[in-house]
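Subject: Structure for your review, with findings

Dear colleague,

Please find the structure below, handed over for your work. My findings follow it, grouped by region.

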Amino acid sequence: MRHHTFVPIAFALTLSLVPARAGDAAADLNAASESLHWTEAVDPVKIAGPIYFVGTEGLGVWLITTSKGHMLLNTGMPGSGPMIESSIRKLGFKTEDVKLLLVSHAHVDHVGALAYLKKATGAKVVVMDVEANLLRSGGITDFQYGKVRDFAFDRVIPDRTVRDGETVALGKVKLTAHLTPGHTRGATTWTTTIHDGMKKYEVVFADGAGVPSSYRLGKNPSYPGIADDYKRTFDVLGSLKPDIWLTSHLEVLDFAAKRERAVKDGAKAWVDPDGYAAWVAAAKDRFGAVLQAAE
C-alpha cells in the first residue's frame, strides 16, 4: 500500500483550498479525490474490539460489529459501495448483516455510496436531525456547495434522526451522537466505549473541525451563526479524551503507519490521545486565524 505525502490538515479534511466559484470547487474536489486516492480499493483492517476499517485508500469507512448485526459509519464517494461490500466480506462478515448506516456529515465524499449501500443491505440510515434535509436533498441544500454538480449525491431518506447527546445501540455496542456543526449544519462526532480483550478504550469518530477557505465567517456569513457553531464544535471536540480517534480522512490519522504497527502491536497501535489533542488544537488555531481575517 502506498504512503501518503503530507497534505495540509484543512485541505485534507474539508477541501479548504476550494475557491468560491463552482467550476473551481468541482475541479478541486476531483483533484483531491485523485491525489488522496479517495476511490481506490485497499485491504480492510481491524482497529480494536468490534471496530474495523473497510474504507477506500483515502477515506475512512468504519464497520462496527455486534452479535445483533453491524453498523457502518460513512460510505465514501459514489461508486465505492462494491469496494466496501468486498472489504466487509474479506473480514468474514456478511453485508446483509449491516443493520444501521450512520452519517458523520452529508458531503459527497462521505455519503456518496449511502443510497447504494442502503439498497444493498436493507439497513436503516441514522443521521443528526439538522443534517437530515441535506441528506434528503442529495446535497442540493448545502449552503456552500449546493449548486456544484460534482458535490451532489443520490438522495437518501433517513429512517431515524437523532439529536445531540442521543445514543444509537445495537447488540452490546452503544454510540453517542455529538453535534459538531459548522462544516455542515449537522456534522456529527460519534463516540463509544469498546473492549479489546481485557482492555477498555474510549473511541471518538471525530468530525466537523475543518474550515474551508471559501466559507465566510464574518460579514455576510455562509449561514447565520456559522462562527458560533464552530466555536461550539471546538468546545465539544476539546472536551473529549479518546484513547483511539478515527476520522473520515485518513492522512490526518497517520493511518498507514498505524496499520503497519498494528501487525505487531494490535489495538495498541491505534492508541493516540496526544495525536488527537494536537489535531484539535491545530484545527482550532486555523479556525481562529480564518475568523480573525474575516473581522
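I begin with Thr 66, which, leaving aside its neighbours within four places in sequence, is in contact with Met 71, Leu 170, Gly 171 and Val 173. Please bear in mind throughout that this is a predicted model.

Thr 66 and its surroundings

Thr 66 belongs to strand S3, which covers residues 62-66. Its relative accessible area is 13%, and since buried means under 20%, Thr 66 is buried. A polar atom of the Thr 66 side chain lies 3.0 Å from the backbone nitrogen of Lys 68.

One of the contacts of Thr 66 is Leu 170, a residue of strand S8 (residues 167-170). Leu 170 also counts as buried, at 14% relative accessibility. Apart from neighbours within four places in sequence, Leu 170 is in contact with Thr 66, Lys 68, Gly 69, His 70, Met 71, Lys 99 and Leu 100. Lys 68 therefore appears in two places: its backbone nitrogen is paired with the side chain of Thr 66, and the residue is in contact with Leu 170. With respect to Lys 241, Leu 170 is 71 residues away in sequence and 23 Å away in space, C-alpha to C-alpha.

Gly 69 and His 70, both in contact with Leu 170, are also in contact with Asp 97, again leaving aside neighbours within four places in sequence. Asp 97 is located in the loop between H3 and strand S5 (98-102). With a relative accessibility of 29%, Asp 97 counts as partly exposed. Its C-alpha atom is separated by 7.3 Å from that of Thr 121, although the two residues are 24 apart along the chain.

Helices H3 and H5

How do the axes of helix H3 and helix H5 cross? The axes of H3 (residues 81-90) and H5 (residues 114-121) come within 9 Å and cross at roughly 50°. The two helices are therefore oblique to each other. On the H3 side, Gly 81, Pro 82, Ile 84 and Glu 85 take part in the contact, and they meet Tyr 116, Leu 117 and Ala 120 of H5. By character, the residues of this contact divide into five nonpolar, one polar and one charged.

Helix H7

Helix H7 comprises 14 residues, 226-239. At 1.5 Å a residue, H7 should span 20 Å, and its end C-alpha atoms are 20 Å apart, which agrees. The buried residues of H7 are Ile 226, Ala 227, Tyr 230, Thr 233, Phe 234, Val 236 and Leu 237. These buried residues pack against strand S9 (173-179), strand S10 (188-196) and helix H9 (273-294). Val 173, with which S9 begins, is one of the residues in contact with Thr 66.

Two positive phi values

You may wish to look at two loop residues for their backbone geometry. His 37, in the loop between helix H2 (22-35) and strand S1 (45-48), has phi near 60°, a positive value in a residue other than glycine. At 12% relative accessibility, His 37 counts as buried. Asn 74, in the loop between strand S4 (69-73) and H3, has phi near 75°, likewise a positive value in a residue other than glycine. Asn 74 is buried, with a relative accessible area of 3%.

Yours sincerely

Notes. Residues are numbered from 1 along each chain as its sequence is written. This is a predicted model: local features need pLDDT of at least 70, side-chain atom pairs count only at pLDDT 80 or more; totals for chains, interfaces and linings use all residues. Side-chain values use heavy atoms; hydrogens and water are left out. Helices (H or I, at least four residues) and strands (E, at least two) are DSSP runs, numbered from the N terminus. The expected span of a helix is 1.5 Å times one less than its number of residues. Buried means under 20% relative accessible area, exposed over 50%, partly exposed in between (1.4 Å probe, protein chains only). Contact means heavy atoms within 4.5 Å. Axes are lines fitted to C-alpha atoms, for helices over the stretch in contact, and angles run from 0 to 180 degrees between N-to-C directions. Angles under 35 degrees count as roughly parallel, over 145 as roughly antiparallel, 65 to 115 as roughly perpendicular and the rest as oblique. Ala, Val, Leu, Ile, Met, Phe, Trp, Tyr, Cys and Pro count as nonpolar, Asp, Glu, Lys and Arg as charged, and the others, Gly among them, as polar. A polar contact is a pair of N or O atoms within 3.5 Å; within protein, one must be able to donate a hydrogen and the other to accept it, and residues adjacent in sequence count only if both atoms are side-chain atoms.
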